[in-house]
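Work through the two exercises below with the structure open. Each task is followed by a solution in steps.

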Amino acid sequence: METKTATPPYLSYGSLIHAWRNEIKYTHAMVSQNTGIARDRLSELEKGYQKPTWEELEKLAKEFHVSVRDLLPMDDDRERGVIILRNSEAVKMDQFRAERLQYTYWCRAMSSTLPNFKPVELLLHLTEKEDVVLNRGHFFHQYTQVLHGGPVGFVWIGEGETHYEEFQEGDSWLIPGFVPHGFWSPDPANLGRILAITFGQSLASGDARQELNLISADNASRIINDQEEYY
Ligand SMILES: [Fe+2]
């Protein structure tokens, strides 16, 4: 007979299911009847001996009046308490727009424990501002700084007009969410590199005005229709 002394493999799932069920004081019998998940199965899930399916998580989330996300354990990707990413191991991607190589990206140190913080480095290949294809703005805000090379050209749409600015090494600027923008390198012999850190902006901000702005039809359709989102 199987002994169950070691830590159950799916305890991180089970403890969340148990905790949410306990919050609303439902019994196994009640949850089983409402969700169609057998009582034995429910018991095994809560103890962490079996892994819930996505369908079960959806049923349980509905039963507990929470989102599926509330039933997913946090994936902590830190090592020795921190995140270290060597340049040689960074994910690198080329971005083409209008059949031109526009940017090369390197994803920098990110962590599942800081999901709203996304640093990316960009090498700016275009040397003519007329060639830049702007994005449509993105959900997160963006901190931007010229790392080296340069100058760096920055084009954006603000208050209905297109603006251009040039920056030198060390210059920094902020691009709030939903502002369409793009970058180029004015000096072909000295391509610019920038660090673009997108951050913040969640629907659960607690700021009613910000949330209303985020879910406005105009913003929502802009973002949803942008199939090829990029920085
Ligand atoms: Fe961006």
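The exercises concern helices in this predicted model.

**Exercise 1**

Check the span of helix H1 (residues 11-24) against the rise of 1.5 Å a residue, then find which residues of H1 are buried and where they lie on the helix.

*Solution*

Step 1. The expected span leaves out one residue of the count, because it is 1.5 Å times one less than the number of residues. For the 14 residues of H1 this should give 20 Å, and the end C-alpha atoms are 20 Å apart, so the two values agree.

Step 2. Tyr13, Gly14, Leu16 and Ile17 are the buried residues of H1. Viewed down the helix axis, these buried residues fall within an arc of 160 degrees, so they line one face of H1.

Step 3. Their packing partners are helix H3 (39-47) and helix H4 (54-64).

Step 4. On the face turned away from the buried side, H1 carries the exposed residues Asn22 and Glu23.

Step 5. After H1 comes Lys25, which has a positive phi, near 65 degrees.

**Exercise 2**

Describe how helix H2 (residues 28-35) and H3 pack, giving the angle, the handedness of the crossing and the residues that meet.

*Solution*

Step 1. The packing angle of H2 and H3 is about 115 degrees, and their axes are 9 Å apart.

Step 2. Angles of 65 to 115 degrees count as roughly perpendicular. H2 and H3 are therefore roughly perpendicular to each other.

Step 3. The crossing in which H2 passes H3 is right-handed.

Step 4. On the H2 side, His28, Ala29, Val31 and Ser32 take part; they meet Arg39, Leu42 and Ser43 of H3.

Methods: Residues are numbered from 1 along each chain as its sequence is written. This is a predicted model: local features need pLDDT of at least 70, side-chain atom pairs count only at pLDDT 80 or more; totals for chains, interfaces and linings use all residues. Helices (H or I, at least four residues) and strands (E, at least two) are DSSP runs, numbered from the N terminus. A residue is buried if 20 or more other C-beta atoms lie within 10 Å of its own, exposed if 12 or fewer, and partly exposed in between; C-beta atoms are placed from the backbone. The arc is that of the directions from the helix axis to the C-beta atoms. Two residues are in contact if their C-beta atoms, placed from the backbone, lie within 7 Å. Axes are lines fitted to C-alpha atoms, for helices over the stretch in contact, and angles run from 0 to 180 degrees between N-to-C directions. Angles under 35 degrees count as roughly parallel, over 145 as roughly antiparallel, 65 to 115 as roughly perpendicular and the rest as oblique. A crossing is left-handed if the near helix is turned anticlockwise from the far one by less than a right angle, and right-handed if clockwise.
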